[in-house]
Amino acid sequence: MSQQISKPAMTLCAALFVLSGCGATGEPPATPPVDSPSLSVATSMPTRAVAPSATTGSSAATAAPAPTVATVPDVVGMNHQTAQDTLQAAGFYLLHEQDATGQGRMLVLDRNWQVVSQSVKGGTKAATDTAITLSSKKTGE
């Protein structure tokens, strides 16, 4: 026993099938109406409090906290991953890396690279928010 589907119903089903695969157009999906029972997603960025300035009548002057100063570890000769771990343990998190050979390769497996120089010399006292660039080459090069 077979059922026949009307031509308009088949057309509608085909259109829905085709449209269901069209989500990758780069456009964001439509947002549901406000009274929709579906999950609501926040679209605004959270705000942060701003300290009152002297022009707003505040009598208390607020100053930014002084950056923490620490001694930069000497990581030259270490494998790249160990060097990053050592710098982060000392409080330095703003780390950059580059291929020391000038070939512009990306350091994908950090353990296969060896640090040959660092932009802030080891033993130097520096603010922990200082950017440090590690120049590395593949182990054995």
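**Sheet, salt bridges and surface patch**

Leu95 has Ile132 of β5 as its bridge partner. Leu95 itself belongs to strand β2. The model described here is a predicted one. Beyond its neighbours within four places in sequence, Leu95 is in contact with Gln84, Leu87, Gln88 and Ile132. Ile132 is thus named twice for Leu95, as a bridge partner and as a contact. The C-alpha atoms of Leu95 and Leu134 are 7.4 Å apart, although 39 residues separate Leu95 and Leu134 in sequence.

The pairing of Leu95 with Ile132 sits within a wider arrangement of strands. β2, β5 and β3 form an open sheet of three strands, in the order β2-β5-β3, with mixed pairing. β2 and β3 are the edge strands, and each of them pairs on one side only. From one strand to the next, the twist averages 35°. The mixed character of the sheet can be followed strand by strand. β2 and β5 run parallel and are joined by five bridges, whereas β3 and β5 are antiparallel and pair over five bridges. On the β3 side of the sheet, Gln118 has Leu134 of β5 as its bridge partner. Asp99 stands opposite Ser136 in β5. Helix α2, which spans residues 80-89, lies across β2, β3 and β5 and runs at about 165° to β5.

Ser135 gives a view of strand β5. With a relative accessible area of 7%, Ser135 counts as buried, because the limit for that class is under 20%. Apart from its neighbours within four places in sequence, Ser135 is in contact with Gln98, Ala100, Gln114, Val115, Val116 and Ser117. In general, side chains in a regular strand alternate between the two faces of the sheet.

Charged side chains were considered next. Side chains of opposite charge can pair when their charged atoms come close. Two salt bridges are present in the structure. One of them is formed by the side chains of Asp99 and Arg105, with an N to O distance of 2.8 Å. Asp99 is buried, at a relative accessible area of 8%, while Arg105 is partly exposed, at 25%. Arg105 also forms a salt bridge with Glu141, and here the closest N and O atoms are 2.8 Å apart. Arg105 is in the loop between β2 and β3, and Glu141 is in the segment after β5 (132-138), so this pair ties together parts that are 36 residues apart in sequence. Glu141 is partly exposed, with a relative accessible area of 42%. Through shared partners, the salt bridges join Asp99, Arg105 and Glu141 into one network.

The loop between β2 (95-99) and β3 (113-118) also holds Met106. Met106 has a relative accessible area of 70% and counts as exposed, because the limit for that class is over 50%. On the surface, Met106 forms a nonpolar patch together with Val108 and Leu109. The accessible area of Met106, Val108 and Leu109 together is about 380 Å². The loop between β2 and β3 therefore contains both Arg105, a partner of Asp99 in a salt bridge, and Met106, a member of the nonpolar patch.

Terms used. Residues are numbered from 1 along each chain as its sequence is written. This is a predicted model: local features need pLDDT of at least 70, side-chain atom pairs count only at pLDDT 80 or more; totals for chains, interfaces and linings use all residues. Side-chain values use heavy atoms; hydrogens and water are left out. Patches are made of residues with over 30% relative accessible area and no salt bridge: like charges are joined within 9 Å, nonpolar side chains (Val, Leu, Ile, Met, Phe, Trp, Tyr) within 5 Å. Accessible areas come from the Shrake-Rupley method with a 1.4 Å probe; for residues, only the protein chains shown count as cover. A salt bridge is a side-chain nitrogen of Lys or Arg within 4 Å of a carboxyl oxygen of Asp or Glu. Helices (H or I, at least four residues) and strands (E, at least two) are DSSP runs, numbered from the N terminus. Buried means under 20% relative accessible area, exposed over 50%, partly exposed in between (1.4 Å probe, protein chains only). Two strands pair if DSSP finds at least two bridges between them. Contact means heavy atoms within 4.5 Å. Axes are lines fitted to C-alpha atoms, for helices over the stretch in contact, and angles run from 0 to 180 degrees between N-to-C directions.
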